[in-house]
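Here are a few exercises to work through with the model open in your viewer. Try each task before you read its solution.

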Amino acid sequence: MSLNGEVADQLRRTMAEWPADPNDNQLNNLMRMIARWRQYRIGQVYQRRHGTIVWGGVFQGMDYVAKATEGALTPRLLGAYEAELHPHLRALANEGLDAVIDVGCAEGYYAVGLARMMPQVTVHAHDIDEKARAACRALADKNGVGDRVVVGGEFTPQDFEAFAGQRVLVMVDAEGAEVDVLQPELSPALGGFNIIVETHDIYREGALATLMGRFSPTHDIIRVDQQFLPFEPPPWFDQLGHLDRLLAVWEWRVVPTPWLVMRPKAG
Amino acid sequence: MNSLNHQIASHLKKVAGEWPAEPDTVSINAALRVMSRWRQFHIVESYLRRHGTIIWGGPFRGMDYVATAAEGALMPRLLGSYEGELHPHLRAFAEEDLEVIIDVGCAEGYYAVGLARLMPQVTVHARDIDEKALQACRALADKNGVGERVIVGGEFQPQDFEAFAGRRGLVMVDAEGAELDVLQPELSPALAGLSLIVETHDIYRAGCLATLQQRFAPTHDIVVVEQQYLPFDPPPWFAQLPHLDRMLAVWEWRVSPTPWLVMRPKAG
């Protein structure tokens, strides 16, 4: 069956189970399903024109993947993905780092992107999922940074100590496990590291507040919420309908997952 | 049962029931647009509960707008993100001490009244062929205390520009293709001295954009303004919305691009 056939089938089956007056969640879930279909179509057009090369943003020129292991692919290919972090990543790149520790690296969008962006850095990319690790290794090799991307499994708080004294950026996107990974009392070295963490109160209630409490003694903390940001898409985007332009940069988040950008306090 | 959700569900079931096993992309996309409008309507309701009909941001910030738009998307207008591509141009015109604005295709007066508020010295001539739109525009002007500077009228002819010859004027045209009929420099010599912002609709009149560029190239400096991803500061409660709702809130419903021409009389 074609993709359109599958979507139509799913739509009919979903609606067959609805009452006459479906609630907002039922309608919204169906809308999200069709919106994903539309984004996938836009992604297909993108790949016909640009292959898997990232168009813009901080990872411009990276050779990414045709299928993401999780999350929205099209905004990553465009380079609009999580643009709220771009100024912070650029600032860290300008300062010069020795190491990046990426906890929850998935197929390596950040791990490989940051290795390309920061040519002097070694990236330690960790994920509990073996498939993700294999994908991350492959992505690093494809982009010629395999020698600087060290891929590993589960990361425990004690593992930070091996990096004590280095100039380090820790990136954590771990679906709630950020509360387990980032425990300063188990990892004294964290006091000297830069940290960007995506917080998931949806999976772990109070994750954002807990992390702010834990790091406020040692770090200056900026909370970064989702924003409407400027973006320069490929020229053919001029020809798209407005809804397609918006769906192209849709990042699938059901609820906000604010980031904390935490810098060690001076002195 | 007559709730909005029921209506949407019935519509979708009917539409999907008529699809072949493998419907084409246009058909599925039409269903998506219906659902997206439903969702945007819900976001409008949230907005109205919090802010009433007061516009949040952009150059028309603070304008008391309407709870139902005569046409087009209401939510981005209430937010003030609507057609943000034009904002820098409108702000630039606001600095130029204009005397008059001619708004052809004013609908319920988003631009006519917004510009009257933005430029306190200006008289706005707001035209529309639809009598309901004219009433709505008058009401909007009165509600915003600019009724004495917004003169509402019906169909606008090319010859009507001549009354504004020699004035410092801005012409705004959003006329679903009729921009080709309204803007004919050979019938309207006064146009050579007026600035214009025109939304072009090749979708209704093939070649519209190119034709207007040709007509005005001898007399005007022309900037083509395409749709853009622009920064925007929404109300704080937007931080709590799912990402798709944020996207849909600023969706302007355009099915295909309608680039604007911003045209200024050549110096000298």
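What follows is a short set of tasks, each with a stepwise solution.

A word on conventions: this is a predicted model, so local features need pLDDT of at least 70 and side-chain atom pairs count only at pLDDT 80 or more, while totals for chains, interfaces and linings use all residues. Residues are numbered from 1 along each chain as its sequence is written, and chains are lettered from A and ligands numbered from 1 in the order in which they are written.

**Exercise 1: the overall build of chain A**

Work out how many helices and strands chain A has, and how compact it is.

Step 1. Count the elements: chain A has nine helices and seven strands (DSSP runs numbered from the N terminus, helices being H or I with at least four residues and strands E with at least two).

Step 2. Check the radius of gyration, taken over C-alpha atoms. Chain A comes out at 20 Å, close to the 18 Å from the globule rule for 267 residues, so it is as compact as a globular protein of that length. (The rule is 2.2 Å times the number of residues to the power 0.38.)

Step 3. Look at the extents: the C-alpha trace of chain A spans about 60 × 40 × 35 Å along its principal axes.

Step 4. Turn to burial. A residue is buried if 20 or more other C-beta atoms lie within 10 Å of its own, exposed if 12 or fewer, and partly exposed in between, with C-beta atoms placed from the backbone. On that basis, 44% of the 267 residues in chain A are buried.

**Exercise 2: a β-α-β unit in chain A**

Follow the chain from E1(A) to E2(A) and find the hand of the crossover.

Step 1. Start with E1(A), residues 99–103. Five of its five residues are buried, so the strand is largely enclosed by the rest of the structure. A:Ala99, A:Ile101 and A:Val103 point one way, A:Val100 and A:Asp102 the other.

Step 2. Find the neighbours; strands pair if DSSP finds at least two bridges between them. E1(A) pairs with E2(A) in the parallel sense over five bridges, and A:Ala99 has A:Thr122 as its bridge partner in E2(A). Five bridges also join E1(A) to E4(A), again running parallel, with A:Val103 partnered by A:Val172.

Step 3. Trace the connection: from E1(A) the chain goes through H5(A) to E2(A), and this crossover is right-handed. That is, with the strands pointing away from the viewer, the path from the first strand over the helix to the second runs clockwise.

Step 4. Inspect the helix itself. Eight of the nine residues of H5(A) (109–117) are buried, including A:Tyr109, A:Val112 and A:Arg116. The cover over the buried residues of H5(A) includes E1, E2, H6 and E4 of chain A.

**Exercise 3: the matching hunt in chain B**

Which strands of chain B pair with E2(B), and in what sense?

Step 1. Take E2(B), residues 123–127: four of its five residues are buried, so the strand is largely enclosed by the rest of the structure.

Step 2. On E1(B) (100–104), the pairing with E2(B) is parallel over five bridges, and B:Ile101 stands opposite B:Val124. The chain gets from E1(B) to E2(B) through H5(B) (110–118) in a right-handed β-α-β crossover.

Step 3. E3(B) (150–153) also pairs with E2(B) in the parallel sense, over four bridges; here B:Ala126 faces B:Val152. Together with H6(B) (131–143), E2(B) and E3(B) make a right-handed β-α-β unit.

**Exercise 4: where the chains meet**

Find what chain A brings to its side of the interface with chain B.

Step 1. Count contacts, meaning C-beta atoms, placed from the backbone, within 7 Å: 46 residues of chain A touch 46 residues of chain B.

Step 2. Locate the helices. H1 (3–16), H2 (24–50) and H9 of chain A each supply at least two residues, and H2(A) gives the most, with eleven.

Step 3. Sort the chain A side by type: 26 nonpolar, nine polar and eleven charged. (Ala, Val, Leu, Ile, Met, Phe, Trp, Tyr, Cys and Pro count as nonpolar, Asp, Glu, Lys and Arg as charged, and the others, Gly among them, as polar.)

**Exercise 5: a positive phi**

Is A:Glu82 buried or exposed?

Step 1. Place A:Glu82 in the loop between H3 (74–78) and H4 (86–95) of chain A.

Step 2. Read its phi: near 45°, a positive value in a residue other than glycine.

Step 3. Count neighbours: A:Glu82 has 23 other C-beta atoms within 10 Å, so this residue is buried.

Key. Contact = placed C-beta atoms within 7 Å.
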